[in-house]
Amino acid sequence: SKYIVIMNPDTLLVEEGTIDRLIDEIEIERDKDSKIIGGQPLIQTAGTQNLSIREVYTYFDSLIQVFLPLRLVFKKRYNNMWKKNSLNDKKQYFEVPAGNFFIIDANIFFYQLHGFDEHTFLYEEEMILGFKLKSIGLHFLFVPSEKVNHEQGKSTHSHQKLSYFAFKHMLHSKNIYLKKYLKVGLFHVVLLDLLFI
């Protein structure tokens, strides 16, 4: 296959032909820009539009992400991390896809990026993927004209409250990203863990 689709079991394709149309949009854009390697639609969660496209996190971004007081103080930066200020009808390039649904060039995914990091589980795979893409100058295409529905947290039964199962894997995977990719030292990892807890 030229492309593969990564899709959570709690994600629903609401219109026939979504995948074919997304691939068509990706192909058109790739003809203009060889740095495009895949894309995703607009993700809708519980009836609301949620872009779910992000930039690669720095260590400070990770602190903002896990610690609510910092998120409030640095609200603009937090919104930019999640591209919350970019909700419009225009296609755009971005670095980190939504983990619940995206399309990616199969050869690049397997042979250049070597798939997902096998040390992670359920979380941070897409952030690490974005980190790898950014390091070699590749990116995704956001296509807001296409939509999928995501029942947030249903895969891990954490849609009502964060389960221990989800929390454990979230923390572990976050630490893999920090130590292996951002090269963060032990003190900073422990600090983030404490804020996260």
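## A walk from a buried proline to a surface patch

At 7% relative accessibility, Pro 144 counts as buried, because anything under 20% falls into that class. This is a predicted model, so treat each value below as computed from predicted atoms. Pro 144 belongs to strand β7. Look for Leu 42 as well: it is 102 residues away from Pro 144 in sequence, yet the two C-alpha atoms are 4.8 Å apart in space.

Stay with strand β7, which covers residues 139–150, and find Phe 140 in it. Now turn to the aromatic rings. How many aromatic pairs does a search of the whole structure find? The search finds ten.

Let us begin with Phe 60 and Phe 74. Their ring centres are 5.1 Å apart and their planes meet at 85°, so this pair is edge-to-face; the cut-off for that label is an angle over 60 degrees. Where do Phe 60 and Phe 74 lie? Phe 60 is in helix α2 (residues 59–66), while Phe 74 is in the loop between α3 (68–73) and α4 (75–81), so the pair ties together parts that are 14 residues apart in sequence. With 28% relative accessibility, Phe 60 counts as partly exposed. Phe 74, at 32%, counts as partly exposed too.

Next comes the pair made by Phe 102 and Phe 140, which is also edge-to-face, with 5.6 Å from centre to centre and 75° between the planes. This pair links distant parts of the chain, since Phe 102 sits in strand β6 (residues 101–105) and Phe 140 in strand β7, 38 residues apart. Are these two rings' residues, Phe 102 and Phe 140, buried or exposed? Both Phe 102 and Phe 140 are buried. There is a third member to look for here: ring pairs join Phe 94, Phe 102 and Phe 140 into a cluster.

Rings can have charged neighbours in this model as well. The charged end of Arg 54 sits over the ring of Trp 82, at 4.7 Å from the ring centre. In a similar arrangement, Lys 174 has its charged end over the ring of Phe 196, 5.6 Å from the centre.

Phe 196 is part of helix α8, which spans residues 186–196 and also holds Leu 194. At 59% relative accessibility, Leu 194 counts as exposed, because the cut-off for that class is over 50%. Which residues share a nonpolar surface patch with Leu 194? They are Leu 186, Val 190 and Ile 197, and the patch has about 450 Å² of accessible area together.

Methods
Residues are numbered from 1 along each chain as its sequence is written. This is a predicted model: local features need pLDDT of at least 70, side-chain atom pairs count only at pLDDT 80 or more; totals for chains, interfaces and linings use all residues. Side-chain values use heavy atoms; hydrogens and water are left out. Rings of Phe, Tyr and Trp (its six-membered ring) pair if their centres lie within 6.5 Å; planes under 30 degrees apart count as stacked, over 60 as edge-to-face and the rest as tilted. Helices (H or I, at least four residues) and strands (E, at least two) are DSSP runs, numbered from the N terminus. Buried means under 20% relative accessible area, exposed over 50%, partly exposed in between (1.4 Å probe, protein chains only). A charge sits over a ring if NZ of Lys or CZ of Arg is within 6 Å of the ring centre and within 35 degrees of the ring normal. Patches are made of residues with over 30% relative accessible area and no salt bridge: like charges are joined within 9 Å, nonpolar side chains (Val, Leu, Ile, Met, Phe, Trp, Tyr) within 5 Å. Accessible areas come from the Shrake-Rupley method with a 1.4 Å probe; for residues, only the protein chains shown count as cover. A salt bridge is a side-chain nitrogen of Lys or Arg within 4 Å of a carboxyl oxygen of Asp or Glu.
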